[in-house]
Amino acid sequence: ARSSSRLGSGLAAFNKRKLDDETLEDLEDLLITSDLGAAVARRVTKNLSKERFDREITENEIKQALATEIEDVLAPREKIVDFSDGPRPRVVLFVGVNGSGKTTTIGKIASKLKDQGAKALLVAGDTFRAAAIEQLTVWGDRAGIPVMSKPTGADAAGLVYEAIERAREEDLDLVLVDTAGRLQNKAELMAELAKVVRVIRKMDPEAPHDVILVLDATVGQNALSQVEAFRHTAGVTGLVMTKLDGTAKGGVLVAIAEAHDLPIHFIGVGEGADDLRPFSAHAFSQALVGAID
Amino acid sequence: MFDALSDRLGGIFDGLTGRGALSEKDVNAALREIRVALLEADVALPVVKDFIDSVRTRAVGEEVVRSVKPGQQVVKIVYDGLVEMLGGTEAETGLRVDNPPATIMMAGLQGSGKTTTTAKIAKRLSEKQRKRVLLASLDVRRPAAMQQLAILADQCGENVSSLPIIEGQLPADIARRAVQAAKIGGYDVLILDTAGRTTIDEQMMSEAAEIADIAKPSETLLVADALTGQDAVETARRFHERLPLTGLVLTRMDGDGRGGAALSMRAVTGLPIKFLGVGEKLDGLDAFDASRVAGRILGQGDIVSLVEKASEQM
Ligand SMILES: Nc1nc2c(ncn2[C@@H]2O[C@H](COP(=O)(O)OP(=O)(O)OP(=O)(O)O)[C@@H](O)[C@H]2O)c(=O)[nH]1
Ligand SMILES: Nc1nc2c(ncn2[C@@H]2O[C@H](COP(=O)(O)OP(=O)(O)OP(=O)(O)O)[C@@H](O)[C@H]2O)c(=O)[nH]1
Ligand SMILES: [Mg+2]
Ligand SMILES: [Mg+2]
């Protein structure tokens, strides 16, 4: 069950209030409690006040107006991707901080691809974390997709090299590469990731065709720094936000959408294979403001 | 991208140097900047509001010290307030694990760092307090969660073991078996790692409550990601409502997040922050240090020297 959002319950108090400076300030605060960040919250309320200043507003009106403002920011980032299409083998790399949901997201996408009949290979590029290989293997087995791995501690770049060779030999459609979680301020770990990308590029200048940054919906303003750093190091091409089935509604995505021209592909709404949805700017905005769609 | 608070406050007090008391007007101007700084550090809004009120009361009328810039003086007041709110410098951080087998239960959202922290605590207890520790994974959901804990237990050295895995057993039954095994095996401490759960998953929340009922832990720790945003309050409150929490652990403090979640969670639960996770490796666990976290939230590495300088002169 989806909970009503914090923003949604907070907005009830705005029913029949006049949209004056005080109300706008309260609104701004409410947006901040959804991780939009102070600056974006200010801009959104400012836009909102343009046509409605000093007018009395109903709860529903304010909700819809807010949702529309937010949707306007997010809409250009909505971009459905079909990994089973395009170049062969299509190489998709998943990156992000620790525990954000990379491995699970690969598992979910793998299940989808299987349904579409694509011939894929999963690569256990997290050669660091305990049982990371076993975790991906379970997902691969579930989807009936082979998983390629090396023992813990092996060089991830070397593994990826071999995986792409194999994909060529076996004429596979795509290669989904898991990587170890890493915090973006760790220079050594980021350099390791850069090496993985370099090795892939050497084999195919067009690859990796997709570099997906996986973000956790509970994350706060640090997500902006994650996007910047992973973009810089790994050339991120798109985003996935996970864990939107909890109480956090991922408001920082609005701030990211304002600052970065990066498509948002999917959202994660649970731990099961089916709990992945294409990102919809409309649905996301409605959920964020707690509006009944 | 974040400015240190003292930089932000710089301009506000330009006209105010030397003698006199901090006026309400000056303080209010400063508080606006402090508010934004705290929000950018992900401190939850209700917590920020309470905090700002307390700082206002404290700061207005304070004598301006001649040798310190008023901006720095306000930073010092804010810093002291943060340290106090985080539990003070003498925070109680030890674990109550005296009556063997003492049980520690770990809980938290998915991916927050429970399993890793379980192993880190075990290693610490075995190395620093010579405890024999049994680890048990009650996570029947996440693929390979049990193997993960077993591998980590092996890395902890000979005084740490993990409960043999029996496929298909339910969490409550594993908890009973673990308590039994800890007693029979003469362990000092039993640590129960649990599956990650969202707080609105009623079935999973009652499962956690049931585990606590069975195991009667002497410590129940909420493990949370230091990079958490405004949701920290909601998560802490909801876990606190359902479990006999005794403390908090903030992981990923080795990141470059400002860690405002620490303040939020501490404020809504009143629970002590027991440890900070500062790395993926098993020695990456630090005792909580309020002054370090306060400095971090304010975004200044040099806060300590700044504050020391200010206090000497105050
Ligand atoms: N509720 C919920 N949990 C999720 C979602 N996506 C992933 N998870 C859970 O989050 C936890 C971490 O997911 P992983 O896929 O292991 O994350 P990761 O980024 O691969 O983690 P590392 O490899 O350790 O960096 C697991 O318990 C997953 O089941 C989601 O959309 N909703
Ligand atoms: N950098 C850093 N990484 C950490 C820290 N604590 C845990 N991690 C990493 O975070 C990720 C998730 O940790 P886990 O211990 O698996 O988290 P969990 O809460 O048990 O996850 P679930 O069981 O899926 O809910 C792993 O990649 C860990 O290595 C920390 O303090 N710093
Ligand atoms: Mg992983
Ligand atoms: Mg775990």
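Which residues come nearest to ligand 1, out of the 24 around it? They are Lys102(A), Thr103(A), Thr104(A), Arg129(A) and Glu271(A). The model is predicted. Ligand 1 lies between chains A and B, and ligand 2 also lies between chains A and B. The points below take up the two ligand sites, the interface, chain B as a whole, one buried aspartate, and two helices of chain A.

**Ligand 1**

- The side chain of Lys102(A) places an N or O atom 2.7 Å from an oxygen atom of ligand 1.
- Two backbone approaches can be added: a polar backbone atom of Lys243(A) is 2.9 Å from an oxygen atom of ligand 1, and a backbone N or O atom of Val269(A) is 3.4 Å from an oxygen atom of the ligand.
- On its own, ligand 1 has 650 Å² of accessible area, and the protein covers 96% of it.
- Helix α5 of chain A, residues 102–116, supplies four residues of the shell around ligand 1, the largest share.
- Sorted by class, the shell of ligand 1 holds 14 polar, eight charged and two nonpolar residues.

**Ligand 2**

- There are 24 residues around ligand 2, and those that come nearest are Gly113(B), Lys114(B), Thr115(B), Thr116(B) and Arg142(B).
- Two side chains bring polar atoms to oxygen atoms of ligand 2: Lys114(B) at 2.6 Å and Gln148(B), through an N or O atom, at 3.0 Å.
- The backbone takes part through Gly277(B), where an N or O atom lies 3.2 Å from an oxygen atom of ligand 2.
- Of the 650 Å² of accessible area that ligand 2 has on its own, 96% is covered by the protein.
- The largest share of the shell around ligand 2 is four residues from helix α5 of chain B, residues 114–128.
- The shell of ligand 2 divides by class into 13 polar, eight charged and three nonpolar residues.

**Interface between chains A and B**

- The size of an interface is often given as the accessible area lost when the parts come together.
- For chain A and chain B, the buried area is about 3300 Å², with 57% of it on carbon and sulfur atoms.
- On the chain A side, Thr218(A), Thr247(A) and Glu271(A) lose the most area to chain B, and together they make up 15% of what that side buries.
- Chain A contributes 39 residues to the contact and chain B contributes 40 residues.
- Glu271(A) also belongs to the residues that come nearest to ligand 1.

**Chain B overall**

- Chain B has twelve helices and eight strands.
- Its length is 314 residues, of which 59% count as buried.
- Among contacts in chain B with a separation of 6 or more, 77% are between residues 24 or more positions apart.
- The area that chain B exposes is about 12400 Å², and carbon and sulfur atoms supply 46% of that.

**Asp225(B)**

- Asp225(B) sits in strand β5 of chain B, which covers residues 219–225.
- Is Asp225(B) buried or exposed? Its relative accessible area is 11%, under the 20% limit, so Asp225(B) is buried.
- The side chains of Asp225(B) and Arg252(B) make a polar contact at 2.5 Å.
- Leaving aside residues up to four places away in sequence, Asp225(B) touches Ser112(B), Leu250(B), Thr251(B), Arg252(B) and Ala261(B).

**Helices α10 and α11 of chain A**

- Why is α10(A) described as largely enclosed by the rest of the structure? Six of its eight residues are buried, so the description follows from that count.
- The buried residues of α10(A) are Val252(A), Leu253(A), Val254(A), Ala255(A), Ile256(A) and Ala257(A).
- Helix α11 of chain A runs over residues 281–289, and its buried residues are Ala281(A), Phe284(A), Ser285(A), Gln286(A), Leu288(A) and Val289(A).
- The cover over the buried residues of α11(A) includes three helices of chain A, α1 (6–11), α4 (59–74) and α10 (252–259), and also strand β8 (238–242).
- After α11(A) comes Gly290(A), which has a positive phi near 70°.

Conventions
Residues are numbered from 1 along each chain as its sequence is written. Chains are lettered from A and ligands numbered from 1 in the order in which they are written. This is a predicted model: local features need pLDDT of at least 70, side-chain atom pairs count only at pLDDT 80 or more; totals for chains, interfaces and linings use all residues. Side-chain values use heavy atoms; hydrogens and water are left out. A residue is near a molecule or strand if one of its heavy atoms lies within 4 Å of it. A polar contact is a pair of N or O atoms within 3.5 Å; within protein, one must be able to donate a hydrogen and the other to accept it, and residues adjacent in sequence count only if both atoms are side-chain atoms. Accessible areas come from the Shrake-Rupley method with a 1.4 Å probe; for residues, only the protein chains shown count as cover. Helices (H or I, at least four residues) and strands (E, at least two) are DSSP runs, numbered from the N terminus. Ala, Val, Leu, Ile, Met, Phe, Trp, Tyr, Cys and Pro count as nonpolar, Asp, Glu, Lys and Arg as charged, and the others, Gly among them, as polar. Buried means under 20% relative accessible area, exposed over 50%, partly exposed in between (1.4 Å probe, protein chains only). Contact means heavy atoms within 4.5 Å. Buried area is the accessible area (1.4 Å probe) that two parts lose on being put together, summed over both.
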